[in-house]
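Please open the model in a viewer and keep the sequence panel visible beside it. The stops below may be selected in the order given.

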Amino acid sequence: EYDSNPPTSSDSDSDSDYSGGGAAGSASEDSAADEEREKAREQRRQEKEAAKKAKKGKTAKTVPEGPKRKRKTKKKGKKKDPNAPKRPMSGYFLWLNANREKIKEENPGISIT
């Protein structure tokens, strides 16, 4: 039913629906519609300009300057007592001290800190 290669030029006027002709009075209707759009655009532009002029009188809001707040300073911790006992060693350090010599013998090149 469909021709895979339709002719490039048509001699028949059967395709007049797609010719773009239209009604006889459509040109005047289009121009009238264009004029209305232009008037609406111009009116919107004037409204924007009027709004801009009204805004120019306003200034930016600023925070009133009052007494400045002082920043909180870091509290100095308690003085460390040099004679206070140290915390007990963790299980890892207890094990490491017990096995340090054995590890050094097995791996003489490594350093155990």
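Begin with Tyr92, which counts as partly exposed because its relative accessibility is 49%. The coordinates under inspection are those of a predicted model.

**Stop 1: the aromatic residues**

Keep Tyr92 selected and add Phe93, which is likewise partly exposed, at 43% relative accessibility. In the whole structure there are 2 aromatic pairs. Tyr92 and Phe93 make up one such pair, with an edge-to-face arrangement in which the ring centres are 5.5 Å apart and the planes stand at 70°. These two values suffice for the description, since a pair of aromatic rings is described by the distance of the centres and the angle of the planes.

Next, add Trp95 to the selection. Ring pairs join Trp95 with Tyr92 and Phe93 in a cluster. Is Trp95 buried or exposed? Neither term applies in full: Trp95 is partly exposed, because its relative accessible area of 46% falls between the 20% limit for buried and the 50% limit for exposed.

Now extend the selection to Met89 and Leu94 and display the surface. Together with Tyr92, Phe93 and Trp95, these residues make a nonpolar surface patch of about 570 Å².

**Stop 2: helix α2**

Select residues 91–106, which constitute helix α2 and include Trp95. The helix has 16 residues, and the distance from its first C-alpha to its last is 22 Å, close to the expected 22 Å at 1.5 Å a residue. Where is the kink in α2 centred? Select Asn99: the kink is centred there and amounts to about 55°. Asn99 is also buried, as are Leu96 and Ile103 in the same helix.

**Stop 3: the start of the salt-bridge series in helix α1**

Move to residues 26–56, which form helix α1. A search of the whole structure finds 4 salt bridges, and several can be visited in this helix. As background, side chains of opposite charge can pair when their charged atoms come close.

Select Asp34 and Arg37 and show their side chains. The two form a salt bridge in which the closest N and O atoms are 2.7 Å apart. About one helical turn separates Arg37 from Asp34, because they are 3 residues apart in α1. In general, an α-helix has 3.6 residues a turn, so residues three or four places apart point the same way. Both partners are partly exposed, Arg37 with a relative accessible area of 45% and Asp34 with 38%.

**Stop 4: Glu38 and Arg41**

Select Glu38 and Arg41 next. Their side chains meet in a salt bridge with an N to O distance of 3.2 Å. Both residues belong to helix α1 and lie 3 residues apart, about one turn of the helix. Glu38 is partly exposed, with a relative accessible area of 47%, and Arg41 is partly exposed at 47% relative accessibility.

**Stop 5: the salt-bridge network**

Select Arg45 and Glu49. The N to O distance in this salt bridge is 2.6 Å. Arg45 and Glu49 are 4 residues apart in helix α1, about one turn of the helix. Each is partly exposed: Arg45 has 39% relative accessibility, and Glu49 has 39% as well.

Which residues are linked in a network of salt bridges? Add Glu42 to the selection, and the network of Glu42, Arg45 and Glu49 is on display.

**Stop 6: the whole chain**

Finally, clear the selection and view the protein chain in full. The chain contains 2 helices and 0 strands. Of its 113 residues, 3% are buried. The accessible surface comes to about 12600 Å², and carbon and sulfur atoms account for 51% of that area.

Methods. Residues are numbered from 1 along each chain as its sequence is written. This is a predicted model: local features need pLDDT of at least 70, side-chain atom pairs count only at pLDDT 80 or more; totals for chains, interfaces and linings use all residues. Side-chain values use heavy atoms; hydrogens and water are left out. Patches are made of residues with over 30% relative accessible area and no salt bridge: like charges are joined within 9 Å, nonpolar side chains (Val, Leu, Ile, Met, Phe, Trp, Tyr) within 5 Å. Accessible areas come from the Shrake-Rupley method with a 1.4 Å probe; for residues, only the protein chains shown count as cover. Buried means under 20% relative accessible area, exposed over 50%, partly exposed in between (1.4 Å probe, protein chains only). Rings of Phe, Tyr and Trp (its six-membered ring) pair if their centres lie within 6.5 Å; planes under 30 degrees apart count as stacked, over 60 as edge-to-face and the rest as tilted. The expected span of a helix is 1.5 Å times one less than its number of residues. The bend at a residue is the angle between axes fitted to the seven residues ending there and the seven starting there.
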